[in-house]
Amino acid sequence: MSDNRNLPQILVTAAQLAGSDNVKRNVESMAEMSAQAAQAGSDMIVFPEAVMFDFTQPGDVIAETAREYADYFEHSLKEIAQRNQIAIVAGMYGKAEGNLSTNTVIVIDASGAQIARYDKLHNYDAFNFCESSKHRLVELQPEFAELSLFTIKGIRFGVINCYDLRFPEMARALIDKGADMLVVSSGWVAGPLKESQWTTLLKARALENTCFVVASCQPAPGSAGLSMVVDPLGIPIAAVPECAGLATALVSMTRQNQVREILPCVSQRRYAVVQNHHSPLAVAQRGDARHE
């Protein structure tokens, strides 16, 4: 058995909050929740995907909002993080060409510095929703540079945005790239069986990677809710049901390493993850039909 003494641990909070069509009101709600989490001792608070602005709005409205408010939103989060001495992970919209925006997760550390930025890789073109009509498609880069990781208090986190959760190879690629744990920022759209799918996938990503998962989702009725922190053995250790609220839990590398000692499935793998440059999306992105 390895010596797991004095390994990093942090108190994390998954915030459940709906992104309304009023950016300034959303920022005010985030400020209140960040202050509450900081007062409870949290080192990091994770907000949902698209918490900056209502994701159900048309693409041109979202794009215009991004042009007008993206800088304000980022600056506000930096002030909130610094004022409360808490790291913030949050979903926003960034500027892009034409009537498109970027579906982005930014990470601000407790000093107010931006330390990571992730543009969503998998557009949610499913269940009669077409996110590709709203957001720019992200290109794959050499050495998996399109993936995003950040470090808070000695623990390295990999970033997942909503629909990304359905692609287990992405979570595994983040682990291979050095992530200790995973954060999920989501607006998991409500619908038949969607709450069950959300919780099942969160537990699966935790179990198959034997890591903690900190998952924030927008609340019901528009989204699934059920923001939670999941243990490496797939057990939720803190959760919020359908309403706005906070789920706070201690995540510890000591606990995670203990799980990996009894369940070493990550180290026992015999297959590796590679980028799929021949997928229909990648081919369409290049405008090249030669590999179809």
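Visitor: At 46% relative accessibility, does S133 count as buried, partly exposed or exposed?

Guide: S133 counts as partly exposed, because its relative accessibility is 46%. Buried means under 20% relative accessible area and exposed over 50%, with partly exposed in between (1.4 Å probe, protein chains only). This is a predicted model, where local features need pLDDT of at least 70 and side-chain atom pairs pLDDT 80 or more, while totals for chains, interfaces and linings use all residues. Residues are numbered from 1 along each chain as its sequence is written, and side-chain values use heavy atoms, leaving out hydrogens and water.

Visitor: Where is S133 found?

Guide: Look in the loop between β7 (129-130) and β8 (149-152); strands (E, at least two residues) and helices (H or I, at least four) are DSSP runs, numbered from the N terminus. A polar atom of the S133 side chain lies 2.7 Å from the backbone oxygen of C130.

Visitor: In what order do the six strands of the open sheet come?

Guide: Strands pair if DSSP finds at least two bridges between them. Here the order is β5-β4-β3-β2-β1-β14, with mixed pairing. The edge strands, β5 (114-119) and β14 (245-252), each pair on one side only. Inside the sheet, β2 (residues 44-46) and β3 (residues 87-95) are parallel and share three bridges; one partnership joins V46 to V89 in β3.

Visitor: Which strands does helix α2 lie across?

Guide: Helix α2 (residues 59-84) lies across β3, β4 (101-108) and β5, at about 160 degrees to β3. Axes are lines fitted to C-alpha atoms, for helices over the stretch in contact (heavy atoms within 4.5 Å), and angles run from 0 to 180 degrees between N-to-C directions.

Visitor: How many salt bridges does the structure hold?

Guide: A salt bridge is a side-chain nitrogen of Lys or Arg within 4 Å of a carboxyl oxygen of Asp or Glu. The structure holds ten. In one of them, E49 and K120 bring their closest N and O atoms to 2.9 Å. They are 71 residues apart, with E49 in the loop between β2 and α2 and K120 in the loop between β5 and β6 (125-126). Both are buried, and a network of salt bridges links them with E131.

Visitor: How exposed are D71 and K95?

Guide: D71 counts as exposed because its relative accessibility is 51%, and K95 is partly exposed at 43%. Their salt bridge has its closest N and O atoms 3.0 Å apart. It joins helix α2, home of D71, to strand β3, home of K95.

Technical notes
Polar contact = N/O pair within 3.5 Å; in protein donor to acceptor, adjacent residues only side chain to side chain.
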